[in-house]
Amino acid sequence: MTERLSISLPDVVAVMIRAQAGRAGWSVSTWLANAARAQAENERLIAEGLAASKEWEAEHGAFTEEELAQADTELLAAGVLRAEELGRAVR
């Protein structure tokens, strides 16, 4: 089953979406559905990771600044985190 939605996007975003969909050989609807699914999955994984971190800290104490810096380094190297996102996460 599918649901028809009407959305409004800035022109520049619409152009980017059409270009990406075209390169992938997908319709705009398919591209947007896949992008939304990926974003929802990323947010679920982040929430699970934050919950696991809080659970670990409840048992073992707060992470040290060195441990947090090492985690940032590893996330940056893995491409999971961008430099401009450092310090943005809510703890």
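Begin by selecting arginine 44, which forms a salt bridge with glutamate 48, the closest N and O atoms being 2.4 Å apart. Keep in mind throughout the tour that this is a predicted model.

With that pair on screen, trace the backbone between the two residues: arginine 44 and glutamate 48 both belong to helix 2 and stand four residues apart, about one turn of the helix. Now add glutamate 41 to the selection, since the side chains of arginine 44 and glutamate 41 also meet in a salt bridge, at 2.5 Å from N to O. This second partner is again in helix 2, with glutamate 41 and arginine 44 three residues apart, which is likewise given as about one turn of the helix. The structure holds two salt bridges, and because they share a partner, Glu41, Arg44 and Glu48 are joined into one network.

Colouring these three residues by accessibility is a useful next step. Arginine 44 has a relative accessible area of 37% and is therefore partly exposed; glutamate 41, at 35%, counts as partly exposed, and so does glutamate 48, at 44%.

Next, stay in helix 2, which covers residues 28-60, and move along to glutamate 57. Is this residue buried or exposed? Its relative accessibility is 16%, so glutamate 57 counts as buried, the cut-off for that class being under 20%. Show the side chain of glutamate 57 together with the backbone of phenylalanine 63, and a polar side-chain atom of the glutamate will be found 2.9 Å from the backbone nitrogen of phenylalanine 63.

Then turn to helix 1, whose 14 residues reach 20 Å from the first C-alpha to the last, close to the 20 Å expected at 1.5 Å a residue. Select Ala14, Ile17 and Ala21, which are buried in this helix. Viewed down the axis, they cover an arc of only 60°, which means that they lie on the same side of helix 1. Rotate to the other side of helix 1, and the residues to select are Asp11, Val12, Val15, Gly22 and Arg23, which are exposed.

For the last stop, go to the segment before helix 1 (11-24), where leucine 5 is placed. Leucine 5 has a relative accessibility of 62% and therefore counts as exposed. Add Ile7 and Leu9 to the selection and switch on the surface: together with Leu5, these residues make a nonpolar surface patch of about 300 Å².

Terms used
Residues numbered from 1 in each chain as written. Predicted model: local features only at pLDDT ≥ 70, side-chain atom pairs only at ≥ 80, totals over all residues. Heavy atoms only, no water. Patch = residues over 30% accessible without salt bridge, like charges linked within 9 Å, V, L, I, M, F, W, Y side chains within 5 Å. Areas by Shrake-Rupley, 256 points an atom, 1.4 Å probe, with all protein chains shown as cover. Salt bridge = Lys/Arg side-chain N within 4 Å of Asp/Glu carboxyl O. Buried < 20%, exposed > 50% of the residue type's maximum accessible area, 1.4 Å probe, protein only. Polar contact = N/O pair within 3.5 Å; in protein donor to acceptor, adjacent residues only side chain to side chain. Expected span 1.5 Å × (residues − 1). Arc of directions from axis to C-beta.
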